[in-house]
Amino acid sequence: MPRLAQTADLTDIQREILSTVRSFVDREIIPNAQELEHGDIYPQKIVDGLKELGIFGLTIPEEFGGLGESLLTYALVVEEIARGWMSVSGVINTHFIVAYMIIQHGTQEQKERLLPRMATGEVRGAFSMSEPGLGSDVAGIRTKATKGADGNYTIDGQKMWLTNGGSSTLVAALVRTDEGAEKAHQNLTTFLIEKPAGFGEVLPGLTIPGKIDKMGYKGVDTTELVFDGYSADAGDILGGAPGRGFSQMMDGVEVGRVNVAARACGISIRAFELAIAYAQQRETFGKPIAQHQAIAFQLAEMATKVEAAHTMMVRAARMKDSGERNDVESGMAKLIASEFCAEVTTQSFRIHGGYGYSKEYEIERLMREAPFLLIGEGTSEIQKTIISRGLLKEYALKR
């Protein structure tokens, strides 16, 4: 395995898992990614292979049929998969976040009912916060669940940007309820909604209109979700008590930011691999372009950025695994990994010259995928807000 972005102090089991996943990526994902991505084709065969490897249950406790691995293990697996094709890592990302939220906040009944089926990939998760016109203002959610006399809820509203919205069979949706404290973010509730995969009106009052056509991040479906008088049982509330949705979702988003950082690291590694290989093959002025100082220095910068981002991603994952709050660290990791990913991918593109603009070359796809990571799980500006608030709190002057 190349030395770039290796991680120290891993167990033999972690190393074996990563070796297995890397082999799968090299054998099943990289050779097929271009055709699937250009056709916007869902990678069903690859997903089936991930099921066989147990990836969907990687972090689910063994008592519920999973492998019981850490967030760090998962993040390193995501890094490997994103190195092959980011869309495949997107297939498992939201699934993992929903599983994490159920593990941390679900009732015992919810854990026993959902986690064993999630571990096998029979139930596939998606989570939904955003709405049209909402952006990063989660407290401004308008989709509302109204409690009826029978104790059940009727949900109305529109959600946006659901990764795996069509292919998933379980959606964790954050909506507004009348229960909770007066502050806007304290009367939000997470509902666990089981549904069939597919598009159209999948359940009475619940419609998945269709896939959103995107610049990149193809293959994986991104959708809207429309509630129109959808009836939800009180037992569908994550944790069984309304008004806790904001903190539950933010807990999930913290691990989601580590995941996005890992995806950015994976794309950066692949962009570097493509660049350093091409630079040794392409010749100008009688020698490989890698021997020209201008190119050699770019390769050195790229490798340094990859290592720095990887190190911060690993640190954020280990902090979360230890039980510590890692909002600042995950924000830092997501910020630097996504920004460096955009820079490394652009540098690789420039090294490829005119060929990088051709769809025959893999770097063209990476150039369309990298920008998504600048906005996914919160923009760079949101990360800076989170980081600065945490730092000002930690370093507050005593007056």
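Student: Between which two strands is the loop that holds F285 found in this predicted model?
Tutor: The model is predicted. F285 is found in a loop, not in a strand itself. The flanking strands cover residues 283-284 and 287-288. They are β9 and β10.

Student: Is F285 buried or exposed?
Tutor: Exposed means over 50% relative accessible area. F285 has a relative accessible area of 81%. Therefore F285 counts as exposed.

Student: What is the phi of F285?
Tutor: Most residues other than glycine have a negative phi. F285 is not a glycine, yet its phi is positive. The value is about 55°.

Student: Where does D40 lie, and how exposed is D40?
Tutor: D40 sits in the loop between α1 (12-38) and α2 (44-53). Its phi is positive too, near 55°. Buried would need under 20% relative accessible area, and exposed over 50%. D40 has 23%, so D40 is partly exposed.

Student: Why is strand β5 described as largely enclosed?
Tutor: Strand β5 covers residues 188-194. The rest of the structure largely encloses β5, because buried residues make up six of its seven.

Student: In what sense do β4 and β5 pair, and which residue of β5 is the bridge partner of L170?
Tutor: Strand β4 spans residues 170-176. Seven bridges join β4 to β5, in the antiparallel sense. For L170, the bridge partner in β5 is E194.

Student: Which helix gives the largest share of the largest nonpolar core?
Tutor: Nonpolar side chains tend to be buried together in soluble globular proteins. The largest nonpolar core here has 96 residues. I81, I102, M118, M313 and I351 have the most contacts inside it. The largest share, 17 residues, comes from helix α6.

Student: How many residues are in the other core, which lies apart?
Tutor: This core is separate from the largest one. Its members include F191, L225, F227 and A232. The count is 18 residues.

Student: Which residue of strand β4 is in contact with M118?
Tutor: Leave aside neighbours within four places in sequence. The contacts of M118 then include F56, I60, H95, I102 and L170. Strand β4 covers residues 170-176. The residue asked for is L170.

Student: Which residues form one aromatic cluster?
Tutor: The count of aromatic pairs comes to seven. One cluster is built from tyrosines. Its members are Y278, Y355 and Y361.

Student: Over the ring of which residue does the charged end of K305 sit?
Tutor: A charge over a ring must be within 6 Å of the ring centre. The charged end of K305 is 5.9 Å from the centre. The ring belongs to F340.

Methods. Residues numbered from 1 in each chain as written. Predicted model: local features only at pLDDT ≥ 70, side-chain atom pairs only at ≥ 80, totals over all residues. Heavy atoms only, no water. Phe/Tyr/Trp six-rings, centres within 6.5 Å; stacked < 30°, edge-to-face > 60°. Lys NZ or Arg CZ within 6 Å of the ring centre and 35° of its normal. Helix = DSSP H or I, 4+ residues; strand = E, 2+ residues; numbered from the N terminus. Buried < 20%, exposed > 50% of the residue type's maximum accessible area, 1.4 Å probe, protein only. Pairing = 2+ DSSP bridges. Core = buried A, V, L, I, M, F, W, Y, C linked by side-chain atoms within 4.5 Å. Contact = heavy atoms within 4.5 Å.
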